[in-house]
Amino acid sequence: MTDTHATGRPGSLSIDPTAVGDIRVLTLHGEIDHAVRNELTEALLSYDGAALPKTVVDLSGVTFMDSSGINALIAAHQSMSDAQGWLRLAGAQESVLRILQIVGLDQVVPCHPTVEQALTA
């Protein structure tokens, strides 16, 4: 899995992978834009051949997301769904949640107020 730490540059993102049982939790901090697209995509799609990939993405530390982040989340959702798994989003700040709503991603990928709620949904 990818463990990238913020460097203080614009577009920096830290990705902290953990697990709760058989569910992967990716905790993100920083900004999601074109500069971090590849790192985010790699982290989302590297679920190590899990039989049923289940991932919660904690967006509570994300302050900005552009179309690069949306595209990475869509690709991850499609990949996990194809493998009979799922993707859930949690804790998006108002500005990020608004982007998810504008593009309709919240209608495709379940969005939850907290990681705990996403884990038990």
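Does Gln-84 count as buried or exposed, and at what relative accessibility? Gln-84 counts as exposed, at 60% relative accessibility. The cut-off for exposed is over 50%, so Gln-84 passes it. This is a predicted model.

**Gln-84 in its loop**

Gln-84 sits in the loop between α2 (67-82) and β4 (86-90). Its phi is positive, about 65°, although Gln-84 is not a glycine. Most residues other than glycine have a negative phi.

**Overall layout**

The protein has 4 helices and 5 strands. Along the sequence they follow the pattern β-β-α-β-α-β-α-β-α. Of the 121 residues, 43% are buried. The accessible surface comes to about 6,000 Å². Carbon and sulfur atoms account for 53% of that surface. Take the contacts between residues at least 6 apart in sequence: 63% of them join residues at least 24 apart.

**The opening hairpin**

β1 and β2 pair in the antiparallel sense, over 8 bridges. In this pair, Pro-17 stands opposite Leu-26 of β2. The hairpin has 2 residues between its strands. Gly-21 in this hairpin takes a positive phi near 65°.

**The cores**

The largest nonpolar core has 25 residues. Leu-28, Ile-32, Leu-59 and Leu-100 have the most contacts inside it. Seven elements are listed below; each gives two or more residues to this core.

| Element | Residues |
|---|---|
| β1 | 13-20 |
| β2 | 23-32 |
| α1 | 37-45 |
| β3 | 54-65 |
| α2 | 67-82 |
| β4 | 86-90 |
| α3 | 94-103 |

The largest share, 5 residues, comes from α2. Another core, of 6 residues, lies apart from the largest one. Its members include Ile-23, Ala-90, Val-115 and Ala-118.

**Two core residues**

Which residues does Ile-32 touch, not counting those up to four places away in sequence? They are Leu-13, Leu-40, Leu-59, Val-62, Phe-64, Met-65, Asp-66 and Gly-69.

Leu-100 belongs to helix α3. Its relative accessible area is 0%. Buried means under 20%, so Leu-100 is buried. Leave aside its neighbours within four places in sequence, and Leu-100 is in contact with Leu-59, Met-65, Ile-70, Leu-73, Leu-89, Ala-92, Leu-105, Asp-106 and Cys-111. Leu-59 and Met-65 thus appear in the contacts of Ile-32 and in those of Leu-100. Leu-100 and Gly-69 are 31 residues apart along the chain, and 9.9 Å separates their C-alpha atoms.

**Helix α1**

α1 has the buried residues Leu-40, Ala-43 and Leu-44. Why do they line one face of the helix? Seen down the axis of α1, the buried residues fall within an arc of 95°, so they line one face. These buried residues pack against β1, β2, β3 and α2. The face turned away from the buried side carries Asn-38 and Glu-42, which are exposed. One contact ties this helix to the core residue described above: Ile-32 touches Leu-40.

How values were computed:
Residues numbered from 1 in each chain as written. Predicted model: local features only at pLDDT ≥ 70, side-chain atom pairs only at ≥ 80, totals over all residues. Heavy atoms only, no water. Buried < 20%, exposed > 50% of the residue type's maximum accessible area, 1.4 Å probe, protein only. Contact = heavy atoms within 4.5 Å. Areas by Shrake-Rupley, 256 points an atom, 1.4 Å probe, with all protein chains shown as cover. Core = buried A, V, L, I, M, F, W, Y, C linked by side-chain atoms within 4.5 Å. Pairing = 2+ DSSP bridges. Arc of directions from axis to C-beta.
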